[in-house]
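Biologist: I'm new to this structure and don't know where to begin. Please pick one spot, take a close look at it, and then walk me outward from there.

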Amino acid sequence: MLAFYLALLDGPEDRARFSAVYETYHLLFLRIARRILGSDALAEEAAQESWIKVCRHFETFLSIPSQKQRAWMVLVVENTAKNLLKREGRLTGLDWDAPAPQGDPANSEGWLLELIAALPPLDRQVLELKLVLGCSDAELGEALGVSKNTAAKRYSRALARLRARLREEGLHD
């Protein structure tokens, strides 16, 4: 596949740079896509689509500061995998603006979504990346454009705010 991607690029310098980028990130692309999609075949498809996007926007990639390039690549493959799930009809996403089902919290799943929806957008994003997609602190940091330690702290704070909301509702000790 590398030869196909190289054919999409202009000039030997870009091809040499892309080859190095491909070697660095190819396995990461597959791992992220597999985690989201749950299938090796779909992960390969998502990785291929992601590489085509990288080729089309290779100048943009090169203009990104080196310490943020990995985060950009992670977002490309995550978004591509999610879009593939949508196309396959398997991802409905979490609609934080939709009303949660009403009823007894002990007998409903909607109460937790309602509490999360009431949190600030950054907290919702952090909780979704960490709890729904299973991102590590390092991956969370990359997605947010912050360090691993800052990402861990943001997750801790978002979780603390969620626990506070649970306590307010009498659902957490």
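Modeller: Let's start at S50, which is buried because its relative accessibility is 0% and the cut-off for buried is under 20%. Keep in mind as we go that this is a predicted model. S50 is part of helix 3, which covers residues 40-56. Which residues does S50 touch, once those up to four places away in sequence are set aside? They are F29, V76, V77 and T80.

One of those, F29, is our way into the nonpolar interior. As a rule, nonpolar side chains in soluble globular proteins tend to be buried together. Here, the largest nonpolar core has 30 residues, and F29 is among those with the most contacts inside it, along with F18, Y25, L37, W51, V54 and M73. Helix 1 (2-7), helix 2, helix 3, helix 4 and helix 5 each give two or more residues to this core. Helix 2 provides the largest share, at eleven residues.

M73 is a good place to look around in that core. Leaving out its neighbours within four places in sequence, M73 is in contact with V21, Y25, F29, W51, V54 and F61. There is also a second core, separate from that one, with 16 residues; L115, I116, L144 and A158 are among them.

F29 turns up again among the rings. Together with F4, Y5, F18, Y22, W51, F58, F61 and W72, F29 forms one aromatic cluster. How many aromatic pairs are there? The count is eleven. Take F58 and F61, whose rings are stacked, with centres 5.8 Å apart and 20° between the planes. That angle counts as stacked because it is under 30 degrees. Both residues belong to helix 4 (residues 58-63), where they sit three residues apart, about one turn of the helix. In general, an α-helix has 3.6 residues a turn, so residues three or four places apart point the same way. Both of these rings are tucked away: F58 is buried at 2% relative accessibility, and F61 is buried at 1%.

Now follow helix 2, the one that gave the core its largest share. Helix 2 runs over residues 12-37 and bends by about 45° at Y25. Just past the end of helix 2, G38 has a positive phi of about 70°.

Helix 2 also carries some charges to look at. Side chains of opposite charge can pair when their charged atoms come close. How many salt bridges does a search of the whole structure find? It finds nine. One of them joins E139 and R31, at 3.2 Å from N to O. Because E139 is in helix 8 (residues 137-144) and R31 is in helix 2, this pair ties together parts that are 108 residues apart in sequence. Are the two partners buried or exposed? E139 is buried, with a relative accessible area of 8%, while R31 is partly exposed at 43%.

E139 meets a second arginine, R35, in another salt bridge, 3.3 Å from N to O. That pair also links distant parts of the chain, with E139 in helix 8 and R35 in helix 2, 104 residues apart. R35 in turn forms a salt bridge with E78, and their closest N and O atoms are 3.7 Å apart. E78 lies in helix 5 (residues 66-88), so you get a link to helix 2 across 43 residues. E78 is buried at 2%, whereas R35 is partly exposed at 28%. Through shared partners, these salt bridges join R31, R35, E78 and E139 into one network.

A last stop takes us to helix 9 (residues 148-168), where R154 sits. R154 is partly exposed, at 28% relative accessibility. Setting aside neighbours within four places in sequence, R154 is in contact with L122, V126, L144 and V146. L144 is a residue of the second core mentioned earlier. Between R154 and D137 there are 9.8 Å, C-alpha to C-alpha, and the two are 17 residues apart in sequence. For one more charge to look at, find K130: its charged end sits over the ring of Y155, 5.3 Å from the ring centre.

How values were computed
Residues numbered from 1 in each chain as written. Predicted model: local features only at pLDDT ≥ 70, side-chain atom pairs only at ≥ 80, totals over all residues. Heavy atoms only, no water. Helix = DSSP H or I, 4+ residues; strand = E, 2+ residues; numbered from the N terminus. Buried < 20%, exposed > 50% of the residue type's maximum accessible area, 1.4 Å probe, protein only. Contact = heavy atoms within 4.5 Å. Phe/Tyr/Trp six-rings, centres within 6.5 Å; stacked < 30°, edge-to-face > 60°. Lys NZ or Arg CZ within 6 Å of the ring centre and 35° of its normal. Bend = angle between axes of the 7 residues up to and from the residue. Salt bridge = Lys/Arg side-chain N within 4 Å of Asp/Glu carboxyl O. Core = buried A, V, L, I, M, F, W, Y, C linked by side-chain atoms within 4.5 Å.
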